Amino acid sequence: MTSPFDSKRSLWSGILFGLGLVAFFDEALFHQLLHWHHFYDRSTTEIGLISDGLFHAFSWFATIGGLFMFADLKRKKTFQRSYWWGGLWLGAGLFQLYDGTIQHKLMRIHQIRYVENVIVYDFVWNVLAIAMVIIGLVVLFRAKRKSPQEKEVSYER
């Protein structure tokens, strides 16, 4: 019997949604409300604001793309909740870890906050990212262990 669930698309829907959600949260809180940085801080304030707008659009595209996939999975009755939640945590954590390591340290396009002791902010940022990745992996590992029981279920189409 084949599984009625689409674990791969459920996972990718969650990853996109998680990535978009954490990017939106980052942009709204740290860029707009707290004014700690812009997405691209190596130029003028105007360029920084334009880069924030593009970053904001990217976060919404990812979020909406994940929600479209979610709606399609629900419509087809192939949604797998545990894979979606694992993907959400994984997408959120991987985005934040990418932001904290690649964008902040390697590319240096912006810092979390421009203060003397930025290492504290970097540490907290990246530890939270790693924690989200671990949560996502644990949820996915548990989902994978459940999968053989779920594969026995069959829907008439």
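A nonpolar patch here joins nonpolar side chains (Val, Leu, Ile, Met, Phe, Trp, Tyr) within 5 Å, each residue having over 30% relative accessible area and no salt bridge. A salt bridge is a side-chain nitrogen of Lys or Arg within 4 Å of a carboxyl oxygen of Asp or Glu. Accessible areas come from the Shrake-Rupley method with a 1.4 Å probe, and for residues only the protein chains shown count as cover.

The model is predicted: local features need pLDDT of at least 70, side-chain atom pairs count only at pLDDT 80 or more, and totals for chains, interfaces and linings use all residues. Residues are numbered from 1 along each chain as its sequence is written, and side-chain values use heavy atoms, leaving out hydrogens and water.

On the surface, Ile 119, Val 120, Phe 123, Val 124, Val 127 and Leu 128 form such a patch, together offering about 570 Å² of accessible area. Val 127 belongs to helix 4 (residues 118-151); helices are DSSP runs of H or I, at least four residues, numbered from the N terminus. Val 127 is partly exposed, at 40% relative accessible area (buried is under 20%, exposed over 50%, partly exposed in between).

Helix 2 (residues 45-75) has buried residues including Gly 48, Phe 55, Ala 62 and Leu 73. The buried residues of helix 2 pack against helix 1 (7-33) and helix 3 (81-106). After helix 2 comes Lys 77, with a positive phi near 60°.

UniProt, in an unreviewed entry, lists residues 12-33, 53-70, 82-98 and 118-141 as "transmembrane region"; such annotations may be inferred rather than shown by experiment. Two of these segments are tabulated.

| Residues | Helix | Strand | End C-alpha distance |
|---|---|---|---|
| 12-33 | 100% helix | 0% strand | 30 Å |
| 53-70 | 100% helix | 0% strand | 25 Å |

Technical notes
Patch = residues over 30% accessible without salt bridge, like charges linked within 9 Å, V, L, I, M, F, W, Y side chains within 5 Å. Helix = DSSP H or I, 4+ residues; strand = E, 2+ residues; numbered from the N terminus. Buried < 20%, exposed > 50% of the residue type's maximum accessible area, 1.4 Å probe, protein only. Contact = heavy atoms within 4.5 Å.
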